[in-house]
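Trainee: Could you take me through one part of this model up close? I'd like to look at a single chain and how it sits against its neighbour.

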Amino acid sequence: MGIKIDPGKCTACMACELACGYHRDDAFALLSACIIAYRARELKDYFGVVLKEEDTLVIARPEGLEVKRIGAVEEDQGEADASAKPMLLREPCDLCADREGGPLCQTVCPVDAIYQG
Amino acid sequence: MLPSPDPRPPARPRPASGSSPSPPTQAGPVVGSALAALPRRPRLGIYCGGGASHSWLWMVDSFERLGLDDLCFLDEKGVASGGLAGLDALAVSGGDAFALAGALGPEGAEAIESFVRSGGLYLGSCAGAYLCLRSSKAPLNLFNFVQARISNLARELPQPLMLAEKFSTPYGCAHVFHPVREAVWLAPAEEGPWSGGGRFAAPLYGGPAMLPDDPCLAMATYADFHPRTRFLAPRELAEATLLGRAAALRAPLGAGWLHLYGPHLEHPGFAEANRLMAEALTHDLPDGPPASPPASPPSWLAGEAVRGLARQLRREVSNSRIVAAGLEDHPVRWRIGAKVYEPAKFRVFLEAAWRRVPALERASALPLAPEESLALGEGWQEITAGLRGLRRALEDSPDPGRDTTGQANRLFDQIKRACVGLLTLHFAARGPRGGISRPH
Amino acid sequence: MPYLASDKIAVIDLATGSVEELPLSEELLNSRIGGAAVAQALYAEHEEGDPLVLGAGLLTGTLLSGSSLGLISGKSPRTGALAHAPLTLYAGLEIKYSGFDYIVIKGRSAEPVYLWVHDGIADIEPAAEIWNADVWTATQEVRKAMGDELIQTLVAGPAAVAGSPLGQVMINFWASGDRFGLGSALAAKNVKLVALRGMGLIEINDPEAYVAACVGLLGELKSGGWAGKKGLMDLAAGLGEADFAAWLAPLAHRHRAGFNTPFAANTFVFLEGDPKELKEPAAPEPGVLLTDLDAPLSLMKLGLDAKEACAIIRDCAKAGLDAAGLAELAAAGGVKDAAGVRGLMSAGDAPASGPAGPFSPCAPDKAAFADFGQGGPEWWRRRMALAYVFGLDPVFALMSPQIDEAKLIELAEVGAGLSIAPATLEQVLSGLAG
């Protein structure tokens with residue numbers, strides 16, 4: 001079970017991102033959120049949501065959902081890195097384990113684009 | 001095997017609260033009382049030179065939160081050229097043990113050995129622990145200060161269940177392998193600074209399980225797996241490799257001590273482990289005054305000059321982290337040496353600097369000469385320019401990962417140095433004159 | 001230190017090039033609460049410098065649904081009176097997190113400049129190179145120079161630089177709800193744009209209680225009439241404009257919300273490529289985001305086809321021209337074709353009368369998908385005043401009777417630690433709405 005995103009429903013409102021930031025910081029902030037509304041390609045109206053999980057990135061694009069391994073060594077990019085330390089900037093999704101109502105991002109999504117599955 | 005009796009008497013009486021059968025879970029008060037029992041505030045050096053990953057910043061955060069805030073920062077040159085004089089302890093966190101040993105070299109090994117033999121405390125976690133364990137592999141064999149062996153070593157590497165790239169590291173004709181990652185439970189040994197305490201959690205990111213030989217003493221063993229433990233090898237293999245082995249040990253060397261930790265007890269997400277690390281540290285700190293107390297800064301900035309510098313730092317660190325945060329959207333990765341770096345790593349250092357800017361803004365004076373202030377400000381300006389230039393280059397490059405490697409490498413180095421400069425200033429301004437108050 | 005705030009006001013004196021940082025006084029918060037009411041007070045305080053005041057509502061940028069509103073307040077070139085224009089999409093969010101609660105821009109710069117506001121720093125930067133650039137180019141250039149695509153810009157386009165009374169403050173590339181010509185007021189100060197980026201953190205008085213209240217409120221809101229609807233086509237239908245959806249549908253791509261706004265009141269239309277194709281378009285600039293229903297609706301009523309109308313709106317977006325005002329001007333002049341409308345774009349004219357009152361008519365003049373039990377101009381003005389003080393998207397404010405005055409007073413208490421007496425709220429709202 002993990003967070004899933006329906007890119008067709010998403011309206012890029014960022015409620016999920018702020019909720020996640022709140023879950024991490026107990027304040028309103030965006031920089032530590034592990035779910036991010038991707039909104040850089042504004043002139044093309046190309047937006048979606050990226051979710052950082054323990055080992056994967058879940059990318060909800062208009063085309064559909066893609067799941068990518070994080071840190072996998074691709075081609076000849078690098079050698080094994082056994083001592084790699086996690087960067088604590090954006091910790092992976094913990095499904096808001098300490099929250100009775102489940103993941104807060106799911107709760108605050110006004111258009112029900114976030115679900116678990 | 002029961003640990004051998006402690007060959008040395010405790011350096012000073014243990015704080016009363018530390019011997020409580022149910023140690024408090026809050027970090028502050030116990031360490032506060034441990035610190036209060038010390039004759040003076042210890043001066044700690046944190047290694048941030050070659051071979052170190054970013055986890056030395058965890059040391060900074062944890063020490064600062066625990067009130068151990070007389071901190072300075074050393075690279076390999078600092079270690080080799082007398083920078084350990086005046087320190088009570090040297091902390092070496094994670095990274096690449098071979099690269100650490102290579103960067104420090106024979107001069108560094110000699111300096112660390114001499115520092116510990118004359119009463120100093122060495123605190124190593126993960127790679128900082130591997131560094132000082134007995135090894136026949138050059139250049140690690142320059143640092144054979146601790147009579148203990150690595151137990152997570154295999155000639156024939158088992159098949160990883162997941163995260164193959166984080167599972168093992170070549171070690172001569174064998175492999176150091178890591179059957180689990182993330183949180184594990186540790187149990188304090190019957191004797192030593194944590195005796196009588198309950199089990200506690202700390203995260204393991206490739207650190208060693210150790211087999212101590214006399215006169216080393218286990219302070220804690222791997223006791224169990226945690227709900228957040230991630231198994232990279234079958235559970236039975238993980239149990240056989242880790243459970244009951246030393247996760248933390250202390251070893252005498254001359255008049256001083258080495259504390260080696262497999263897991264990262266300094267990880268900011270593990271308050272109890274932080275507290276215990278600091279408690280062990282205060283337990284074995286050298287007695288008496290340091291060999292040579294740190295020199296007083298020759299000049300101090302005050303008034304408008306402080307406000308001007310703090311404002312410039314706010315401006316440039318903000319500019320830099322804005323660009324760095326934007327770079328995190330970019331799929332680029334750089335191979336630098338044996339490691340693969342992602343843009344997020346820029347912000348690890350920038351956030352550490354950013355968190356200290358408000359305190360600098362409140363400072364009444366800063367221990368800095370005007371020309372140093374200028375250089376610090378300009379250094380950060382160059383970082384902003386460098387990051388913006390990197391972003392432009394990434395957008396223009398057909399093969400960003402390769403074309404921008406040199407630029408990224410220089411920037412990682414520049415940012416680390418600038419971050420060290422800002423942190424040095426921050427910690428030097430603690431106390432009545434600088435006016436940066438200590439956290440409660 | 002107040003909650004849900006940065007506790008800092010920037011006063012930028014363009015004539016001297018100085019930036020003064022002042023604390024956000026408790027007295028100001030207690031007497032004015034936030035948003036447009038505080039902006040009104042700051043406007044009065046600095047009136048000698050003909051100021052423009054940027055700010056956000058008390059609850060902007062939080063988990064309160066609809067809390068997207070930033071605002072720009074100043075003397076309108078169209079009405080000659082103090083006006084408040086809404087800044088939605090992500091602009092209000094960025095103002096809230098910029099490290100300043102309010103930014104007072106007063107005086108006039110001797111040279112073209114832009115303002116770079118980030119993490120509690122307000123820098124004045126030279127803008128000669130982008131002074132004559134269109135809105136899209138100016139935004140792209142500044143983002144490139146500063147190195148971040150998420151920088152939000154409030155831009156004066158060529159129309160504003162030329163002094164048109166329809167010179168609108170644009171948000172990044174798109175129309176804002178400015179119907180007051182405040183883009184021209186910005187350009188008159190020799191300011192091309194304000195670039196904003198804030199990566200700060202906003203403390204909450206009682207975090208758990210505030211979030212629980214917001215979550216509870218969203219639960220109530222989701223049973224509202226807006227649920228399941230999005231975009232300008234649904235909005236128009238909800239307001240009784242039945243023909244609009246069929247007119248725009250062939251061009252409509254996706255619908256976009258402002259920050260944490262449940263109803264996505266913005267619709268992207270494609271002028272190139274297939275709008276139904278859900279993949280990254282090949283064209284770098286395939287269309288335009290429609291952010292204000294009045295512009296396309298008015299152009300439709302003039303008899304233009306959707307593609308012609310949206311192309312005009314896109315050109316207005318680049319020029320920084322208020323497309324709704326242009327359509328109104330065309331209607332007043334009896335213009336009925338695209339060429340005629342385009343002919344008015346460079347005329348520098350505006351409709352004879354500007355908006356009535358201080359709030360932008362970009363929000364419909366009645367409730368949508370909801371029954372508030374009341375209506376009419378007085379109700380509308382009070383509803384707008386409430387939205388502009390607390391930071392609600394003005395369009396969503398007309399769909400959400402659940403967000404009432406009592407609820408906002410409660411949220412202000414738990415979120416911002418601000419106790420608002422009903423009499424104070426009354427005074428603030430009537431001081432704004434008249």
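Mentor: Let's start with a term we'll need: a salt bridge here is a side-chain nitrogen of Lys or Arg within 4 Å of a carboxyl oxygen of Asp or Glu. Keep in mind that this is a predicted model. The part I'd pick is chain A, and in particular the side of chain A that touches chain C.

With that rule in hand, how many salt bridges cross the interface of chain A and chain C? The rule finds five. One salt bridge to pull up on your screen is between the side chains of Arg41(A) and Glu280(C), with N to O at 2.6 Å. That pair counts as a salt bridge because the cut-off is 4 Å. Polar contacts come on top of that view: 17 residue pairs are in polar contact across the interface of chain A and chain C, with both residues at pLDDT 80 or more.

Where does chain A's side of the interface come from? Four elements of chain A, namely α1 (15-25), β2 (35-41), β3 (46-52) and α2 (104-108), each supply at least two residues of the side that touches chain C. The largest share belongs to α1(A), with five residues. Sorted by class, the side of chain A that touches chain C holds 24 nonpolar residues, eleven charged ones and three polar ones.

Now for the extent of it. In contact terms, 38 residues of chain A meet 54 residues of chain C. About 3,800 Å² is buried between chain A and chain C, and carbon and sulfur atoms give 60% of that area. If you want to zoom in on particular residues, try Phe28(A), Glu42(A) and Leu43(A): together they supply 24% of the area that chain A buries against chain C, more than any other three residues.

Step back to the chain itself. Chain A has two helices and six strands, and along the sequence they run β-α-β-β-β-β-α-β. Of its 117 residues, 59% count as buried. Chain A exposes about 4,600 Å², with carbon and sulfur atoms supplying 49% of it. As for how the chain folds back on itself, take the contacts in chain A between residues at least 6 apart in sequence: 49% of them join residues at least 24 apart.

Two backbone spots deserve a look while you're in there. Asp45(A) sits in the loop between β2 and β3 of chain A, and its phi is near 55°, a positive value in a residue other than glycine. Is Asp45(A) buried or exposed? Asp45(A) is buried, because its relative accessible area is 1% and the cut-off for buried is under 20%.

The other spot is Leu95(A), in the loop between β5 (64-69) and α2 of chain A. Leu95(A) also has a positive phi, near 55°, and is again a residue other than glycine. Here the relative accessible area is 29%, so Leu95(A) is partly exposed; that label covers values between 20% and 50%.

So, for your walk through the viewer: begin at Arg41(A) and Glu280(C) for the salt bridge, go on to Phe28(A), Glu42(A) and Leu43(A) for the buried area, and finish at the loop that holds Asp45(A), between β2 and β3 of chain A.

Key:
Residues are numbered from 1 along each chain as its sequence is written. Chains are lettered from A and ligands numbered from 1 in the order in which they are written. This is a predicted model: local features need pLDDT of at least 70, side-chain atom pairs count only at pLDDT 80 or more; totals for chains, interfaces and linings use all residues. Side-chain values use heavy atoms; hydrogens and water are left out. Contact means heavy atoms within 4.5 Å. Buried area is the accessible area (1.4 Å probe) that two parts lose on being put together, summed over both. A polar contact is a pair of N or O atoms within 3.5 Å; within protein, one must be able to donate a hydrogen and the other to accept it, and residues adjacent in sequence count only if both atoms are side-chain atoms. Ala, Val, Leu, Ile, Met, Phe, Trp, Tyr, Cys and Pro count as nonpolar, Asp, Glu, Lys and Arg as charged, and the others, Gly among them, as polar. Buried means under 20% relative accessible area, exposed over 50%, partly exposed in between (1.4 Å probe, protein chains only). Accessible areas come from the Shrake-Rupley method with a 1.4 Å probe; for residues, only the protein chains shown count as cover.
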